[in-house]
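Thank you for passing this entry along for comment. Below is a note to read beside the coordinates, arranged so that each point can be checked on its own.

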Amino acid sequence: MAYPEEALAPDEQLLLHRHPHWKMLFLPAVAFIFVTALAGFGFGLASRAPLGILRTGFMIAVPVAWALLVIWWCIVPLIAWRTTHFIVTDRRVLVREGVLTHTGIDIPMTRISSVQFSHGLTDRLLGAGTLTITSASEEPLEFTDIPRVQQVHGLVYHQVFDVVQQDPRNGNGR
């Protein structure tokens, strides 16, 4: 699902829209494989049970347990990943999360005082990292699992610099 452009101001320009890095989905994918293999094993055991109510109960319980585990361990994280948006416009940085409970934060470019990034070895290999944005009056905000974090850092930094240069209060208006 693309971020709704109508949520932006009429003359606001969308510069970047990203979901968290796909590494968030690695454990759910492994869980899917594990749960499916376990369900296959359980189904095989259930088919060897003697005919009757016990066998029928196992033949129903195994797929139901599989479905519940897949929903909880795989589908829910996929939906969380898909509904998390990291957005940079020419005026602000936005983060939106959630389906049932929708949360968001907007950081105006004029309020950002510093932008930092960090990524360990695994993050560097995968092309992800953590972006830390410090605004003028608040604690630093950390955004984890940002794909291509160095590029995002550069974009936000340059956008903040451009906004500061254009601000007539700085005496540097273009």
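The points go from the overall outline to the helices, the two sheets and a few single residues.

1. The model is a predicted one, and what follows should be read in that light. Its secondary structure amounts to four helices and seven strands, and, counted from the N terminus, the elements follow the order β-α-α-β-β-β-β-α-β-β-α.

2. The overall dimensions deserve attention at the outset. For 174 residues, a compact globule would be expected to have a radius of gyration near 16 Å, whereas the protein comes to 23 Å. Along the principal axes, the box filled by the C-alpha atoms is roughly 85 × 35 × 25 Å.

3. Burial and surface can be read together with those dimensions. Of the 174 residues, 33% are buried, and the exposed surface of the protein is about 11,100 Å², with 65% of that area supplied by carbon and sulfur atoms. Where contacts between residues at least 6 apart in sequence are considered, 50% of them join residues at least 24 apart.

4. The next point concerns a helix pair. Helix H1, spanning residues 26-48, packs with helix H2, spanning residues 53-82, at an angle of about 180° and with 9 Å between their axes; H1 is therefore roughly antiparallel to H2. On the H1 side the contact involves, among others, Phe 32, Val 35, Ala 39, Gly 42 and Phe 43, while H2 contributes residues including Phe 58, Val 62, Trp 66, Val 70 and Trp 73.

5. Which residues does Val 70 touch, once those up to four places away in sequence are set aside? This residue of helix H2 touches Phe 32, Val 35 and Ile 75, and Phe 32 and Val 35 both appear on the H1 side of the helix contact. Val 70 has a relative accessibility of 9% and so counts as buried, the limit for that class being under 20%. From Val 70 to Arg 82 there are 12 residues in sequence and 17 Å in space, C-alpha to C-alpha.

6. Turning to the sheets, four strands form an open sheet in the order E1-E2-E3-E4, and their pairing is antiparallel. Strands E1 (14-18) and E4 (103-108) stand at its edges, and because each has a single partner strand, one side of each is left without a neighbour in the sheet. On average, and with direction ignored, neighbouring strands here are turned by 10° against each other. The antiparallel pair of E1 and E2 (residues 85-89) is joined by four bridges, and a register check can be made at His 17, whose bridge partner in E2 is Ile 87.

7. Three strands make up another open sheet, ordered E5-E6-E7 and again with antiparallel pairing. E5 (112-118) and E7 are the edge strands, each of them pairing on one side only. The average turn between neighbouring strands of this sheet, direction ignored, is 25°. Six bridges connect E5 with E6 (residues 128-135), and these two strands run antiparallel; among the residues to inspect is Gln 116, which has Thr 132 as its bridge partner in E6.

8. Two backbone conformations merit a check. Most residues other than glycine have a negative phi. Asp 145, which is not a glycine, nevertheless has a positive phi of about 60°; Asp 145 belongs to strand E7 (residues 141-147) and is buried, with a relative accessible area of 16%. Arg 148, likewise a residue other than glycine, has a positive phi near 50°. Arg 148 sits in the loop between E7 and helix H4 (149-166), and its relative accessible area of 49% makes it partly exposed.

9. Is Leu 125 buried or exposed? Leu 125, found in helix H3 (residues 121-126), has 71% relative accessibility and therefore counts as exposed, given that this class begins over 50%. Although Leu 125 and Lys 23 are 102 residues apart in sequence, their C-alpha atoms are 11 Å apart in space.

Note on methods. Residues are numbered from 1 along each chain as its sequence is written. This is a predicted model: local features need pLDDT of at least 70, side-chain atom pairs count only at pLDDT 80 or more; totals for chains, interfaces and linings use all residues. Side-chain values use heavy atoms; hydrogens and water are left out. Two strands pair if DSSP finds at least two bridges between them. Axes are lines fitted to C-alpha atoms, for helices over the stretch in contact, and angles run from 0 to 180 degrees between N-to-C directions. Buried means under 20% relative accessible area, exposed over 50%, partly exposed in between (1.4 Å probe, protein chains only). The radius of gyration is taken over C-alpha atoms; the globule rule is 2.2 Å times the number of residues to the power 0.38. Contact means heavy atoms within 4.5 Å. Accessible areas come from the Shrake-Rupley method with a 1.4 Å probe; for residues, only the protein chains shown count as cover. Angles under 35 degrees count as roughly parallel, over 145 as roughly antiparallel, 65 to 115 as roughly perpendicular and the rest as oblique.
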